[in-house]
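Here are my notes on the model you sent over. Have the structure open while you read, and jump around as you like.

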Amino acid sequence: MKFIIRNAKIIDPQSPFHNQTVDILIADGFIEKMGANLANPDTAEEVKLDNLHVSQGWFDSSVCLGEPGFEDRETIVNGLEVAAKSGFTGIALQPNSFPIIDNQSHINFVKSKAIGQATELFPIGALTKNAEGKDMAELYDMKQAGAIAFGDYNRSLENANLLKIALQYTQDFDGVVIAFAQEEKIKGNGVVNEGIVSTRLGLKGIPNLAEELQIARNLFLLEYTSGKMHIPTVSTAKSVALIKEAKAKGLNVSCSVSVHHLTMTDEKLDNFDTRYKVAPPIRTEEDRLALLAGVLDNTIDVITSDHNPIDIEHKKMEFDLAKNGTIGLETAFGALTQVLPLEKIIEKLTAAKSLFGIENSSIKEGIKANITLFNPEGTSVFTKASILSKSKNSAFLGMELKGKAYGIVNQGKLILN
């Protein structure tokens, strides 16, 4: 396959063409030539898009797809097509399917379902068997099969000794332990952020302390073991401060934040809309601003959509009983451009590759084409008709988005939205 991308502004500090507008000739999956007004003697297909910008391919560090077991929520094939049209050349697949992805055969299964897709799938293996927090799963075998990290999605490991052992054991093969932070006894029956809004609505609250106490404990364990830890979807100002302090000590810790925590607060809950019920809960404006500051000063390494499709039967119910989760792939870029500068967004949408040992190729001649095509300008309102996912549980419905992802070039394929 051979084609020319015309008049693309390159956003890639590692590229010699950074901030330049050039043509890109791609042949057999590689960038063959870059420059102004490239000739096209072979009459290759030409891609011309309004205000086209190009960056290294985006990577989402937390995506749930349902399959196997919850194909009614999302399939792997359709989920990867959604990711491609949303600008993502790679995703990290969470293990919260049925069965839980906790052994080598499960890793092989989900990888086989992704063969031939433009967006690459990188599985996260469960840290414990069946994600029950009792016995460690077959981590080394899963690593050999292609797992990039290990964690029980949205489940905090209460057994501190088991987490200590996991951090020690994974050092032998450079494994990454994902440690979701939420102290279950302090969370109790809470369903939203504890504060003025939860009191006004009469909903049980989850205090910031539930996250912060667990992060503090986990960081103590990391300091003791010298392992490698990733803390996903932090949500409070104190959490950011704790991680900043740990990094200053030299601990090998990274963290992510979700798009919805950067763009929303618990004021959204006034109508008891379960689309805004997520884990951890969306918090206050003070926390949101602290999270943005953490992104800007690089305390927070990664931004994720934390895409989690939930079937309508588990969302259209009483708030206390509804499942946590929102889809977010389609809206990630357009929502982030409302709150962060473009180059910082691109940096945080590509940073997870290096954290999880995935090749992160720059936009240069002779390099494999792994790029995202987008327009950072223009506004639109996100509607149900805009949803590409099988599930429709989007917290971003009705939100004004700025810019759009056009698609990707990866695995020798061009996918446009």
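The numbered points below go through rings, charges, a surface patch and a few loop residues.

1. Before anything else, keep in mind that this is a predicted model. Every distance and area below is computed from that model.

2. Let's start with the aromatics. The count of aromatic pairs comes to 9. One of them is Trp58 with Phe88, an edge-to-face pair with 5.8 Å from centre to centre and 70 degrees between the planes. It ties together distant parts of the chain, since Trp58 belongs to strand S6 (residues 58–63) and Phe88 to strand S7 (residues 88–93), 30 residues apart. In case you wonder about the angle, a pair of aromatic rings is described by the distance of the centres and the angle of the planes.

3. Are Trp58 and Phe88 buried or exposed? Trp58 is buried, because its relative accessible area is 0% and the cut-off for buried is under 20%. Phe88 has a relative accessible area of 1%, so Phe88 is buried as well. Both rings also belong to one aromatic cluster, which is made up of Trp58, Phe88, Phe333 and Phe374.

4. Another ring to look at is Phe70. The charged end of Arg73 sits over the ring of Phe70, at 4.2 Å from the ring centre.

5. Now the charges. Side chains of opposite charge can pair when their charged atoms come close. Searching the whole structure gives 17 salt bridges. Lys48 and Glu46 make one of them, with 3.7 Å from N to O. Lys48 is exposed, because its relative accessibility is 63%, whereas Glu46 is partly exposed at 31%. This pair does not stand alone: Arg6, Asp23, Glu46 and Lys48 are linked in a network of salt bridges.

6. Which parts of the chain does the Arg200 bridge link? The side chain of Arg200 meets that of Asp270 in a salt bridge of 2.7 Å, N to O. Arg200 is in helix H6 (residues 196–201), while Asp270 is in the loop between helix H9 (259–263) and helix H10 (285–296), so the bridge joins distant parts of the chain, 70 residues apart. Arg200 is partly exposed, with a relative accessible area of 45%, and Asp270 is partly exposed too, at 33%.

7. Lys247 and Asp301 are worth a look as well. Their side chains form a salt bridge at 2.8 Å, N to O. This is again a link between distant parts of the chain: Lys247 is in helix H8 (residues 237–248) and Asp301 is in the loop between H10 and S15, 54 residues apart. Lys247 is partly exposed, with a relative accessible area of 24%. Asp301 counts as buried, because its relative accessibility is 16%.

8. On the surface, Tyr140, Ile165 and Tyr169 make a nonpolar patch of about 250 Å². Tyr169 lies in helix H4 (residues 160–169). The relative accessible area of Tyr169 is 33%, so Tyr169 is partly exposed.

9. Where does Thr326 sit? You will find Thr326 in the loop between strand S15 (302–304) and helix H11 (332–336). Thr326 counts as buried, because its relative accessibility is 1%. Leaving out residues up to four places away in sequence, Thr326 touches His260, Arg275, Val278, Asp306, His307, Asn308, Asn393, Ser394 and Ala395. From Thr326 to Ile100 there are 226 residues in sequence and 20 Å in space, C-alpha to C-alpha.

10. Last, two glycines that touch. Gly190 is in the loop between helix H5 (184–187) and strand S11 (192–193). Gly190 is buried, because its relative accessible area is 6%. Not counting residues up to four places away in sequence, Gly190 touches Lys204, Gly205 and Ile206. Gly205 belongs to strand S12 (residues 205–206). With that same neighbour rule, the contacts of Gly205 are Lys187, Gly190, Val192, Asn193, Glu194 and Ser198. For scale, Gly205 and Ile186 are 19 residues apart in sequence and 9.9 Å apart in space, C-alpha to C-alpha, while Gly190 and Ser62 are 128 residues apart in sequence and 23 Å apart in space, C-alpha to C-alpha.

Notes. Residues numbered from 1 in each chain as written. Predicted model: local features only at pLDDT ≥ 70, side-chain atom pairs only at ≥ 80, totals over all residues. Heavy atoms only, no water. Patch = residues over 30% accessible without salt bridge, like charges linked within 9 Å, V, L, I, M, F, W, Y side chains within 5 Å. Areas by Shrake-Rupley, 256 points an atom, 1.4 Å probe, with all protein chains shown as cover. Salt bridge = Lys/Arg side-chain N within 4 Å of Asp/Glu carboxyl O. Helix = DSSP H or I, 4+ residues; strand = E, 2+ residues; numbered from the N terminus. Buried < 20%, exposed > 50% of the residue type's maximum accessible area, 1.4 Å probe, protein only. Phe/Tyr/Trp six-rings, centres within 6.5 Å; stacked < 30°, edge-to-face > 60°. Lys NZ or Arg CZ within 6 Å of the ring centre and 35° of its normal. Contact = heavy atoms within 4.5 Å.
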